[in-house]
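Work through the exercises below with the model open beside you. Try each task before reading its solution.

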Amino acid sequence: MANCAYCGTSILFGGVSDGPRRYCNNDCHVAGYFVSLASQIPPAKLDEMVHATRVGQCPKCGKAGSPVDVYMAHRIWSALILTSWSSQPEVSCKSCATKRQLGAIAFSGTLGWWGFPWGLIGTPVQIIRNFSAMAAKPKRDSPLLRKHVQVVLGQRLAENLAMAESQQVQPAVPPPLP
Ligand SMILES: [Zn+2]
Ligand SMILES: [Zn+2]
């Protein structure tokens with residue numbers, strides 16, 4: 001079974017392929033590109049930014065105090081032979097994440113079962129995934145949060161590059177004097 005090269009979720013079927021890498025969806029694919037751009041950021045600087053994000057305000061509810069991380073919520077819905085799975089990462093505090101995961105359990109428990117065979121097989125899988133995500137203790141070092149920060153930095157770098165190209169800005173280092 002392949003794992004998403006960005007978020008690490010196991011891909012049961014479907015997904016997006018890019019060379020040897022597979023991603024669960026387009027969002028993860030785009031995020032993977034930004035991460036590769038951010039590889040030029042020094043690791044110490046990155047550590048600092050990851051820590052600041054973790055102890056900072058929740059981007060969803062605006063409160064600080066509950067650790068900010070990338071939390072996953074897993075959903076499934078089915079209609080006869082059609083079954084749709086999704087595992088959505090979201091940056092928030094732990095208490096916002098718990099609410100979202102409870103919502104995903106209610107959603108999947110109501111709408112997941114109605115397909116054969118994948119609805120019957122997949123619904124308990126997604127529900128268990130949510131419960132184990134809720135039970136997991138916040139980690140001190142979260143690879144997903146690190147990736148999220150890399151994505152934000154990579155986006156900034158991409159914007160700067162695009163701006164520099166459109167304005168044809170002079171290079172930052174002046175040419176040596178004759
Ligand atoms: Zn993914
Ligand atoms: Zn929150």
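Four donors count as tetrahedral if all angles between them lie between 85 and 135 degrees. Keep that rule at hand for the first two exercises. Note also that this is a predicted model.

**Exercise 1. Find the protein donors of the zinc ion (ligand 2) and name their arrangement.**

Solution.
- Step 1: Look for the donors. They are Cys58 (SG), Cys61 (SG), Cys93 (SG) and Cys96 (SG), lying 2.2 to 2.3 Å from the zinc ion (ligand 2).
- Step 2: Check the angles. The 4 donor atoms subtend angles of 102 to 116°.
- Step 3: Apply the rule. These angles make the arrangement around the zinc ion (ligand 2) tetrahedral.
- Step 4: Read the spacing along the chain. The donors of the zinc ion (ligand 2) follow C-x2-C-x31-C-x2-C.
- Step 5: Place one pair of donors. Cys61 lies in the loop between helix H2 (43–55) and strand S5 (68–79), and Cys96 in helix H3 (residues 94–111). The pair links distant parts of the chain, 35 residues apart.
- Step 6: Compare accessibility. Cys61 counts as partly exposed at 34% relative accessibility. Cys96 counts as buried at 10%.

**Exercise 2. Describe the site of the zinc ion (ligand 1).**

Solution.
- Step 1: List the donors. Cys4 (SG), Cys7 (SG), Cys24 (SG) and Cys28 (SG) coordinate the zinc ion (ligand 1) at 2.1 to 2.3 Å.
- Step 2: Test the geometry. The angles among the 4 donor atoms are 100 to 115°, and the site is tetrahedral.
- Step 3: Read the spacing. For the zinc ion (ligand 1) the pattern is C-x2-C-x16-C-x3-C.
- Step 4: Place a pair. Cys4 sits in the loop between strand S1 (2–3) and strand S2 (10–11), while Cys28 is in helix H1 (residues 26–37). They link distant parts of the chain, 24 residues apart.
- Step 5: Judge burial. Both Cys4 and Cys28 are buried.

**Exercise 3. How many salt bridges does the structure hold, and which parts does the one between Asp47 and Arg146 tie together?**

Solution.
- Step 1: Recall the idea. Side chains of opposite charge can pair when their charged atoms come close.
- Step 2: Take the count. There are 4 salt bridges in the structure.
- Step 3: Pick out Asp47 and Arg146. Their side chains meet in a salt bridge, 2.3 Å from N to O.
- Step 4: Locate both ends. Asp47 lies in helix H2 and Arg146 in helix H5 (residues 143–167), so the pair ties together parts that are 99 residues apart in sequence.
- Step 5: Check exposure. Asp47 is partly exposed at 40% relative accessibility. Arg146 is partly exposed too, with a relative accessible area of 23%.

**Exercise 4. Are Arg54 and Asp69 buried or exposed, and how do their side chains meet?**

Solution.
- Step 1: Check the contact. The side chains of Arg54 and Asp69 form a salt bridge, 3.3 Å from N to O.
- Step 2: Locate the ends. Arg54 is in helix H2 and Asp69 in strand S5, 15 residues apart.
- Step 3: Judge burial. Arg54 is buried, and so is Asp69.

**Exercise 5. Which residues are linked with Arg100 in a network of salt bridges?**

Solution.
- Step 1: Start from one bridge. Arg100 pairs with Glu90, the closest N and O atoms being 3.4 Å apart.
- Step 2: Locate the ends. Arg100 lies in helix H3 and Glu90 in strand S6 (residues 82–93), so the pair ties together parts that are 10 residues apart in sequence.
- Step 3: Check Glu90. At 26% relative accessibility, Glu90 counts as partly exposed.
- Step 4: Complete the network. Lys60, Glu90 and Arg100 are linked in it.

**Exercise 6. Describe the aromatic pair of Tyr33 and Phe34, then find an aromatic cluster.**

Solution.
- Step 1: Take the count of aromatic pairs, which comes to 3.
- Step 2: Describe the pair. Tyr33 and Phe34 are 5.5 Å apart centre to centre, with 55° between the planes, and the pair is tilted.
- Step 3: Compare accessibility. Tyr33 counts as partly exposed at 48%, whereas Phe34 is buried at 14%.
- Step 4: Find the cluster. Phe13, Trp85 and Trp118 form one.
- Step 5: Turn to a charge over a ring. The charged end of Arg75 sits over the ring of Phe107, 4.0 Å from its centre.

**Exercise 7. Examine the backbone at Pro117 and Leu80.**

Solution.
- Step 1: Look at the bond between Phe116 and Pro117. This peptide bond is cis, with omega about 0°.
- Step 2: Place Pro117. Pro117 is in the loop between H3 and helix H4 (118–135).
- Step 3: Read phi of Leu80. The value is near 55°, positive in a residue other than glycine.
- Step 4: Place Leu80. Leu80 is in the loop between S5 and S6, and counts as exposed at 68% relative accessibility.

Terms used: Residues are numbered from 1 along each chain as its sequence is written. Chains are lettered from A and ligands numbered from 1 in the order in which they are written. This is a predicted model: local features need pLDDT of at least 70, side-chain atom pairs count only at pLDDT 80 or more; totals for chains, interfaces and linings use all residues. Side-chain values use heavy atoms; hydrogens and water are left out. Donors are N, O and S atoms within 2.8 Å of the metal (3.2 Å for Na, K and Ca); water is not among the atoms, so sites may look incomplete. Four donors count as tetrahedral if all angles lie between 85 and 135 degrees; four count as square planar and six as octahedral if opposite donors are over 155 degrees apart and all others between 65 and 115; anything else is irregular. Helices (H or I, at least four residues) and strands (E, at least two) are DSSP runs, numbered from the N terminus. Buried means under 20% relative accessible area, exposed over 50%, partly exposed in between (1.4 Å probe, protein chains only). Rings of Phe, Tyr and Trp (its six-membered ring) pair if their centres lie within 6.5 Å; planes under 30 degrees apart count as stacked, over 60 as edge-to-face and the rest as tilted. A charge sits over a ring if NZ of Lys or CZ of Arg is within 6 Å of the ring centre and within 35 degrees of the ring normal.
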